[in-house]
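Subject: Structure for your review

Dear colleague,

Please find below the structure that I am handing over to you. My notes on what was found in it follow.

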Amino acid sequence: MKDYPFTAKQQVKTIYIVRHAEKGTDCSSGTCIEGLSNKGNERANKLANWMMNNGIVDEITHVFATHKRRTYLTVLPVAELAEVNIQHYPSSSDDNGVEKLEEEASICPTVHAIKSTSLGSTIVMSTHRSAIYGILSNGYNDEEDSCTGLGLDTSNSDNFPKDDEGKLDSGYSDLWKITIDANGKPSFEERLILDFDLD
């Protein structure tokens with residue numbers, strides 16, 4: 001993990017959050033495993049190049065992915081350029097068992113992980129359309145788990161497009177940048193639509 005000296009410019013945490021790229025199935029090993037499609041792999045590589053070209057890679061201290069392989073593969077090129085290990089939320093050494101978990105299972109572990117990082121951290125996180133707003137807003141509650149999210153106001157439909165169920169209602173091109181100050185207050189910085197030219 002990178003360790004940067006604390007400066008005045010690093011008195012916030014910066015989070016870049018993306019939905020996983022287009023999913024696909026990899027059967028090259030003889031066993032079919034869910035992952036990314038060719039387009040999804042291309043998107044993941046272009047995201048990493050975009051972050052490198054925009055000076056973000058050198059700032060990255062943490063890379064988070066969920067328990068699903070598609071989120072891991074989406075940020076793998078970024079993590080490799082940044083020379084940072086990917087942390088899974090929730091974590092498990094049993095990939096087959098992890099894959100059985102629902103996508104919402106990643107919300108609270110990811111929120112706790114973000115809150116536990118230090119000021120000056122720059123986090124890149126890949127998650128699911130069903131989890132993004134639970135992480136960013138006021139959290140998530142069900143019968144088994146609950147947490148207070150990052151507290152961001154996600155009511156603006158231009159910045160946070162939603163379907164009838166309140167989940168992300170857009171494709172795979174969105175990248176949100178938010179910051180969290182020393183008091184834990186989040187600020188929306190920008191929503192970028194990275195319309196990469198994909199084959």
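In which strand is threonine 179 found? Threonine 179 belongs to strand β9, which covers residues 174-180. Please bear in mind throughout that this is a predicted model.

I begin with the surroundings of this threonine. Threonine 179 has a relative accessibility of 10%, and residues under 20% count as buried, so threonine 179 is classed as buried. Leaving aside residues up to four places away in sequence, threonine 179 touches Val12, Lys13, Thr14, Lys185, Pro186, Ser187 and Glu189. With glutamate 189 there is a polar contact between the two side chains, at 2.7 Å. Leucine 152 is 27 residues from threonine 179 in sequence, and their C-alpha atoms are 9.9 Å apart in space.

Leucine 152 also appears in the surroundings of serine 137. Serine 137 is located in the loop between α5 (132-136) and β7 (140-141). Its relative accessible area is 15%, and serine 137 is therefore buried. The residues that serine 137 touches, not counting those up to four places away in sequence, are Gly149, Leu150, Gly151, Leu152 and Thr154. In addition, the side chain of serine 137 reaches the backbone oxygen of tyrosine 133 at 2.4 Å.

A further buried position is threonine 127, in strand β6 (residues 122-127). Threonine 127 counts as buried because its relative accessibility is 1%. With residues up to four places away in sequence again left out, threonine 127 touches Ile17, Val18, Arg19, His20, Thr66, Thr71, Ser106, Ile132 and Ile135.

One of those residues, Thr71, is among the buried residues of helix α2. The others listed as buried in this helix are Arg70, Leu73, Thr74, Val75, Pro77, Val78, Ala79 and Ala82. Helix α2 has 14 residues, 69-82, and at 1.5 Å a residue it should span 20 Å; the C-alpha atoms at its ends are 20 Å apart, so the two values agree. The helix nevertheless bends by about 40 degrees at leucine 76, with proline 77 following within four residues. Just after α2, glutamate 83 adopts a positive phi of about 55 degrees.

You may also wish to examine the cysteines. The structure holds 1 disulfide. It is formed by cysteine 108 and cysteine 147, whose sulfur atoms lie 2.3 Å apart. The pair links distant parts of the chain, 39 residues apart: cysteine 108 lies in helix α4 (residues 107-116) and cysteine 147 in strand β8 (residues 146-147). The torsion about the S-S bond is about -85 degrees, so the disulfide is left-handed. Both cysteine 108 and cysteine 147 are buried.

Finally, some values for the protein chain as a whole. The chain contains 5 helices and 10 strands. Of its 199 residues, 46% count as buried. Considering contacts between residues at least 6 apart in sequence, 64% join residues at least 24 apart. The chain exposes about 10300 Å², of which carbon and sulfur atoms supply 42%.

Yours sincerely

Notes. Residues numbered from 1 in each chain as written. Predicted model: local features only at pLDDT ≥ 70, side-chain atom pairs only at ≥ 80, totals over all residues. Heavy atoms only, no water. Disulfide = S-S within 2.5 Å. Helix = DSSP H or I, 4+ residues; strand = E, 2+ residues; numbered from the N terminus. Buried < 20%, exposed > 50% of the residue type's maximum accessible area, 1.4 Å probe, protein only. Contact = heavy atoms within 4.5 Å. Areas by Shrake-Rupley, 256 points an atom, 1.4 Å probe, with all protein chains shown as cover. Expected span 1.5 Å × (residues − 1). Bend = angle between axes of the 7 residues up to and from the residue. Polar contact = N/O pair within 3.5 Å; in protein donor to acceptor, adjacent residues only side chain to side chain.
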